[in-house]
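The exercises below concern how the chains of one model meet and how the strands inside one of them are arranged. Please work through each task before reading its solution.

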Amino acid sequence: MHKSLIKAEFQVQRDDYKCIRCRVCERQCSFEVHSYDADADRMFEDEMKCVGCQRCVEYCPTRALTIQPHPSTIRPHGNWPYRAVKDICKQAETGGMLLSSTGDELGHRIYWDHLVLNASQVTNPSIDPLREPMELRTFIGRKPDQVDVRLVNGKPVLKTELPPQLTLETPMMFGAMSYGAISYNVCQSLARAATASGTMYNTGEGGLHRDFYQYGPNTIVQCASGRFGVHREYLNAGAAVEIKVGQGAKPGIGGHVPGEKVDKEISITRMIPVGTDALSPAPHHDIYSIEDLRQLIYALKEAVEYKKPVGVKIAAVHNAAAIASGIVRAGADFVTLDGLRGGTGAAPTRTRDSVGMPIELALAAVDQRLREEGIRNNASLIVAGGFRNSTDVVKAIALGADAVYIGTAALISLGCTVCQKCYTGKCPWGITTQDPYLTKRVNPEIGTQRLTNLLRAWSLEIKEILGGMGINAIESLRGNRLHLRAIGLNERELDVLGVMHAGE
Amino acid sequence: MDYVIIGNSAAGIGAVEGIRQVDQTGSIAIISDEPHHTYSRPLISYYLGGKVEQHNMYFRPKTFYRDYDVEPMLGNPVTVIDAAGHTVTVAGKKIKYGKLLVATGGSPFVPPIENLAGSDVFTFTKWDDAKALAKAAEKAERAVVIGGGLIGLKATEGLLNLGLNVTVVELADRVLSTILDEKASQIFGTHLKSLGVTLITGDTAAAVNRDGEGSVTGVTLKGGNTVEADVVVVAIGVVPNTVLADTAKVKKERGIIVDEHLMTSAKDIYAAGDCVETFDILRHIRRPQPIWPNAYEQGRTAGINMAGQPLAYKGSFGMNSIEVKGLPTITVGMYDAVGPEYEILAKSDAESLTYKKVIIHNDRLVGAVFVNDIDRAGIMTGLIKDQVNVKAFKHDLISDNFGYAVFPEALRKERLSS
Amino acid sequence: MATKAKTTKKRRRVQADEKVCIGCKLCEVACIVAHSKSKNIIRAFNEETPRALSRVLVEESKPLTFALQCRHCDDPPCAVACMTGALRKDPETGAVLHDREKCVGCWMCVMVCPYGGIQRDMREGKAASKCDLCLELDEPACVAACPNAALFVVEDED
Ligand SMILES: Cc1cc2nc3c(=O)[nH]c(=O)nc-3n(C[C@H](O)[C@H](O)[C@H](O)COP(=O)(O)OP(=O)(O)OC[C@H]3O[C@@H](n4cnc5c(N)ncnc54)[C@H](O)[C@@H]3O)c2cc1C
């Protein structure tokens, strides 16, 4: 063996005066950084193993630990930051692809931070959401070209038969994260919180555990290229079906749940043998054209007897607008766009950081294209990919989205510190792991509460902002880009986003 | 009196507490020939050794009789029970009872030994014994304890704490032969010797030797040897004290015989504690099981029955926790069972003097021995008591960190749910 | 009839949910602090000798972990077996309390507790040591310290 040239990324500092040798850090660290030497009555740290998840810091009862980026550093260089050097060393040592998790780390422009919102002053007075009703209810599904309303006994009655719709009490849903990528307890927390909040969570491509059928009315079930756990009952268990074509964190790439994660429950749920790798192919092997996609959409609609919306999820790629148009024409009731910053349990690092585009641009382009083609009302637009707060959501809706999926933010509310080690299966916060010693770390009661709180808090903020704009229903904001102005963007960007610069 | 209780110790106090669970108003008298407020008999060796002071000898607070509305009559024995007339006689006075409890405990067994009568020779079952022995020990240097059973060794511990040289003479080939298996006995013997105790086994006292003034100089053993000593403690054993019960002509064998409601063969006369024999649920025989928890439990159950609420006493099994200056040891149930029908799992470590053994019969635990490592022994007692099937985890029974974590899930939940 | 003789059916105990017990043992740490002289975590561990004992034990057989302490039984076998009267069920609170002053460390309670919930305290003389439900606090220290709500107080009165 020769010496590894990879440096420790984090420094572990222990205040020996405060350390009480309770060994909680040792028990909490799933990467085995901490160890105790009984003869010396001392704790030791192996910094090389530290992923900076901060679990030990948070659990240390005396706050004796500090974990920070390692101060020892190479000479700063614009083209050769340590990250670049480290990646090269790692590949020189392993000869393999780099793997990581979570969304883009390179820091492509986050357009939300360059968009500002409007508010009412004097004319068109603002509304106080504490005093007046404020409507966040959102419907997902194909809307008819026109509606026929008749008066019956003096009361209006809708005569047009509406295509199936999902009703959301708030325009936010939990994004697709499969049972397998995340734990049973996390799935349960998401399902219960979605139910409590009157919205949806998405199964991802891992099928639906029997225990969670009870949350069906608040579930969007996915049908992905691996077709894991897809059967008639599954499709009918949810409130809607989503065909997953791509994922923002890794467009063009399939999925891979390693065999070690496939325990008995996951095996039953995914309908694969225990211990086998769950490989989702990069493409759907039966889809090579929009016509093929249409066949699948209608096969699924047949399976759910046209009672539930069927949508298609794609990653935000260069020609997303044209593809989305095809999807809508193929009969999808909703289109999901997943941007470059979207989360993942495991993705090749290079793909994660450099393939696809930020969701803001894709959303603007798709919404614009569908409008131009006069088919925007034929499908709802759901967007995903790194939503961090309620104003990201409001801006997305103003740009044209019907609803957003939140994924990483949901996991952060459960403890995730974005250490990007999901792919190891050792998540110290018990979220993206199937290790029964670790999964206990998410108490579904607490998880449900925290997720519910998060949605509630964001919803309150959205109402506050809407009120400030003088709007009393989220519907009135949808696609209303006049409420957005940009700061510090160039002409081309303004063009694509379809917004004016602040001051205009 | 609605209730008269004879004996002011574990069984007697248990009865008071049992009666008061059911009947808060009936009149109760508790009678003992010992003059003391209710005290803990097993503590007399600690008292002797100066480890427990007077005020901590009491089993219940000084306010107990008042709190429980009981009339204590202490210092005189009951001489006669008149079952037909429902009276007992104490200090020449007749007391009428509605229900009577005989909880007269055990008496020290004293074998015929020459020259026994006289000063410096003691039995060791009462507080006053300990007080007298402590006084005698003040000017003594050497003691001989005849009997290497529990009481003898507890007396030994007390005497060691007072700085005396102690010789233990035991007729069997090992100490504690009625509560420990051979291996544990051996370990215990080694431990005693390391404490400086001289251990003589396979022999017993034939005569007490005294000087011209009648003071003890030692004992002569059956085997012919003599042991020099200034005081002698006779602790051969304790037998059920049925002297008083005999006056009521209740049925007895080795101890007073009671039914499952702890009533004797005489109506309204109950008996409990060291004076009775009860069903051993492991050995399936009736026998005296003279230990504190059994006495208390029987007393309390008797009390509840006496107060009119039928409650069956299911029987019990032997168990002992004994420690003499370190070396905690616990034995439960059929610690000594041998035979092809018993499966025995054991492990020991000579250096640390630890030893663990379990005895399994039909996949059920029937006995256990723990020497030095006794933590969580009660889990085993519980398994024995409830005759739990231990097949699935029997090899974990003697592991170092034995606990509920090794139980099969369903059993663990069942046992921890209550 | 004086009230002290009344027996209680009240029962209070700390219960663990093994499904979400993460085995961190912060309950043990909190128990030690709560029973230390200083009540200060750093002093309790690093300065007080002998260190206080934990009365709660986290049992482990990975992945299974759960905390276990005295169940404060309705009819506690330890109190039946206790020959000194040091262990008693408190009629007011239903707690099974231990009087260290009276205890001589005969380990009869260790022998009979079916939960293995009584420890030996060998620090100054010998005595039993067990959960006292932190009656002087608003909430048992272990329950307050559990980071995952795996410990809670169960109370039933009947
Ligand atoms: C030194 C020693 C150590 C022991 N250690 C342990 C131990 O570690 N663990 C354990 O489980 N057990 C131990 N024991 C045994 C335990 O003490 C007995 O099992 C228990 O005391 C029995 O209680 P009891 O109420 O049945 O009778 P006792 O405690 O014997 O009480 C009977 C009472 O009745 C009185 N009495 C008798 N006849 C009359 C009468 N005619 N009139 C009035 N009063 C009368 C007696 O004087 C006595 O006070 C020990 C015993 C001794 C002596």
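**Exercise 1. How much area do chain B and chain C bury between them, and what share of it lies on carbon and sulfur atoms?**

Solution. Begin with the area: in this predicted model, chain B and chain C bury about 3,800 Å² between them, with 53% of it on carbon and sulfur atoms, where buried area is the accessible area (1.4 Å probe) that two parts lose on being put together, summed over both. Next, look at the contributors on one side: Asp67(B), Arg376(B) and Ala405(B) supply 14% of the area that chain B buries against chain C, more than any other three residues. Then count the residues in contact (heavy atoms within 4.5 Å), which gives 51 residues of chain B and 42 residues of chain C.

A note on conventions: local features need pLDDT of at least 70 and side-chain atom pairs count only at pLDDT 80 or more, whereas totals for chains, interfaces and linings use all residues. Residues are numbered from 1 along each chain as its sequence is written, chains are lettered from A and ligands numbered from 1 in the order in which they are written, and side-chain values use heavy atoms, with hydrogens and water left out.

**Exercise 2. How many salt bridges are counted between chain B and chain C?**

Solution. Apply the rule for a salt bridge (a side-chain nitrogen of Lys or Arg within 4 Å of a carboxyl oxygen of Asp or Glu); the count between chain B and chain C is seven. The side chains of Lys126(C) and Glu323(B) form a salt bridge, at 3.3 Å from N to O. Finally, sort the side of chain B that touches chain C by residue type, which yields 21 nonpolar, 15 polar and 15 charged residues, with Ala, Val, Leu, Ile, Met, Phe, Trp, Tyr, Cys and Pro taken as nonpolar, Asp, Glu, Lys and Arg as charged, and the others, Gly among them, as polar.

**Exercise 3. Describe how chain A meets the other chains.**

Solution. Start with chain B: chain A and chain B do not touch, and their nearest C-alpha atoms are 14 Å apart. Turn then to chain C, where the contact takes 21 residues from chain A and 24 residues from chain C. The area buried between chain A and chain C is about 1,800 Å², and carbon and sulfur atoms give 62% of it. Ile20(A), Tyr437(A) and Lys440(A) supply 36% of the area that chain A buries against chain C, more than any other three residues. Across this interface the rule finds zero salt bridges. To finish, compare the two pairs of chains that touch: the most contacts are between chains B and C.

**Exercise 4. Which strands of chain A form the closed barrel, and in what order?**

Solution. Follow the strands (DSSP runs of E, at least two residues, numbered from the N terminus) around the closed barrel of chain A, which has eight of them in the order 11-12-13-14-17-18-20-21, with parallel pairing; two strands pair if DSSP finds at least two bridges between them. Strand 11 (residues 172–176) and strand 21 (residues 403–406) of chain A run parallel and are joined by three bridges. Within that pair, Met173(A) stands opposite Tyr405(A) in strand 21 of chain A.

**Exercise 5. Which strands stand at the edges of the open sheet of chain A?**

Solution. Read the order first: three strands of chain A form this open sheet as 6-22-23, and the pairing is mixed. Strand 6 (115–117) and strand 23 (500–501) of chain A stand at the edges with a single partner strand each, so one side of each has no neighbour in the sheet.

Technical notes
Helix = DSSP H or I, 4+ residues; strand = E, 2+ residues; numbered from the N terminus.
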